[in-house]
Number of protein chains: 2
Amino acid sequence: MQIGELARSTGVKIETIRYYEREQLLPVPQRTDGNYRLYSPRDVEQLRFICYCRSLDMSLEEVRLLIEARDAPAGSCLTVNALLDEKIAEVDARVNELHKLQDQLRQLRGLCQQPDEVKTCGILMELNRSAEIDKAQI
Amino acid sequence: MQIGELARSTGVKIETIRYYEREQLLPVPQRTDGNYRLYSPRDVEQLRFICYCRSLDMSLEEVRLLIEARDAPAGSCLTVNALLDEKIAEVDARVNELHKLQDQLRQLRGLCQQPDEVKTCGILMELNRSAEIDKAQI
DNA sequence: GAAAAGCCTGAAGTGGCTTCAGGGTCAAGG
DNA sequence: CCTTGACCCTGAAGCCACTTCAGGCTTTTC
């Protein structure tokens, strides 16, 4: 299977596949006489594994760790648990941040319902005012 | 006011201040005889404005737009409204994504309560299985 | 007069790719 | 046999928002 077919069958761009190879997330593939990469079904699985981990917001470094853990024949999965716990905490924290951000943005947006002149725009006035307040706080 | 004091009074790193200058978000400051940057209270405000926008998850490009709008003496604030609406939509979408992610991560984490051997770890089994399923779907 | 604190510049590194320039390979059609 | 087009190759640079680094100048303090 050449790189184009692998790309089509996984939805991963060719350039990204080559990038993963450079980053050693995918093994160095065989080559044809014409120097084209040749992939095995094993490689397809590995790439899907990477994709799934990425869809769970793992960094490539974390994916590397998971691959390592998976391939360790009798290692403990403590690392895997720790990694997931950390990731869950990260996502929770980010969600909280974004909720606050939603409130702030909606409140700000409410300050200018009608398109008006900049100098009387509630949003810009508030942006300037908030900068002032930040100053007072420090 | 030298760059160090500006940094201390805003909580922005010196390097970041210089970066904002290169990116033309801050005006080119005056210099002392010894070639040190000299900032005015106006510059402090501008930097705070940038910080506040960044805290609302605006990109530097968006901050640039806001500064432009703010400084246009009689422009309309339609741009500002549009920018905020877009940002709100972005944040909402991201929050939805992260909620789904939270579910997935927690479910995955539930598969391995006790640290065990990798080969029987529910998490790794599930990660491999999910990769398989993705394959079937395409 | 020497050390320490503060400042300067330009370049490179971060992550996770994407894009680009400039090629080589291979099958099908004329 | 030659050309066209699809496919593939490499290495380098670009993206964002910074951060870090190397190497050197200025100012203050003892």
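How many nonpolar, polar and charged residues does the surface near DNA strand D have? In this predicted model, the surface near DNA strand D comprises seven nonpolar, six polar and six charged residues. There are 19 residues around DNA strand D, and those that come nearest are A:Gly4, A:Arg18, A:Arg37, B:Thr16 and B:Tyr19. Both protein chains are therefore represented in the helices beside this strand: at least two residues each are supplied by α1 (3-10) of chain A, α2 (14-22) of chain A and α2 (14-22) of chain B. The greatest contribution is that of α2(B), which gives four residues to the surface near DNA strand D.

The protein meets DNA strand D chiefly through the sugar and phosphate portion of the strand. Of the strand D atoms within 4 Å of the protein, 82% belong to sugar or phosphate, and the rest belong to bases. Two arginine residues of chain A illustrate the phosphate contacts. In A:Arg31, a polar side-chain atom is placed 3.0 Å from a phosphate oxygen of DNA strand D. In A:Arg37, by contrast, a backbone N or O atom lies 2.8 Å from a phosphate oxygen of that strand. A base is approached by B:Tyr19, of which a polar side-chain atom lies 3.5 Å from a base nitrogen of DNA strand D.

DNA strand C was examined in the same manner. It is likewise surrounded by 19 residues, of which A:Thr16, A:Tyr36, B:Arg18, B:Tyr36 and B:Arg37 come nearest. Sugar and phosphate make up 75% of the strand C atoms that come within 4 Å of the protein. Phosphate oxygens of DNA strand C have polar partners in both chains. From chain A, a polar backbone atom of A:Gly34 is 3.3 Å from a phosphate oxygen. From chain B, an N or O atom in the side chain of B:Gln2 is 3.1 Å from a phosphate oxygen of DNA strand C, and an N or O atom in the side chain of B:Arg31 is 2.9 Å from one. Two or more residues of the surface near DNA strand C are given by each of α2 of chain A, α1 (3-10) of chain B and α2 of chain B. The largest share, four residues, comes from α2(A). By class, the surface near DNA strand C consists of seven nonpolar, six polar and six charged residues.

Helix packing was considered next. Within chain A, helix α4 (residues 60-71) and helix α5 (residues 78-110) pack at an angle of about 155°, with their axes 10 Å apart. Because angles over 145 degrees count as roughly antiparallel, α4(A) is roughly antiparallel to α5(A). The crossing of these two helices is left-handed. In the contact, A:Glu62, A:Leu65, A:Leu66 and A:Ala69 of α4(A) meet A:Val80, A:Leu83, A:Lys87 and A:Glu90 of α5(A). By class, this contact of α4(A) with α5(A) has five nonpolar, no polar and three charged residues.

Helix α5(A) also packs against a helix of the other chain, namely α5 (residues 78-110) of chain B. The angle between α5(A) and α5(B) is about 155°, and their axes are 9 Å apart. These two helices are therefore roughly antiparallel to each other. The crossing in which α5(A) passes α5(B) is left-handed. The contact of α5(A) with α5(B) has 16 nonpolar, six polar and twelve charged residues.

Definitions and conventions: Residues are numbered from 1 along each chain as its sequence is written. Chains are lettered from A and ligands numbered from 1 in the order in which they are written. This is a predicted model: local features need pLDDT of at least 70, side-chain atom pairs count only at pLDDT 80 or more; totals for chains, interfaces and linings use all residues. Side-chain values use heavy atoms; hydrogens and water are left out. A residue is near a molecule or strand if one of its heavy atoms lies within 4 Å of it. A polar contact is a pair of N or O atoms within 3.5 Å; within protein, one must be able to donate a hydrogen and the other to accept it, and residues adjacent in sequence count only if both atoms are side-chain atoms. Ala, Val, Leu, Ile, Met, Phe, Trp, Tyr, Cys and Pro count as nonpolar, Asp, Glu, Lys and Arg as charged, and the others, Gly among them, as polar. Axes are lines fitted to C-alpha atoms, for helices over the stretch in contact, and angles run from 0 to 180 degrees between N-to-C directions. Angles under 35 degrees count as roughly parallel, over 145 as roughly antiparallel, 65 to 115 as roughly perpendicular and the rest as oblique. A crossing is left-handed if the near helix is turned anticlockwise from the far one by less than a right angle, and right-handed if clockwise. Contact means heavy atoms within 4.5 Å.
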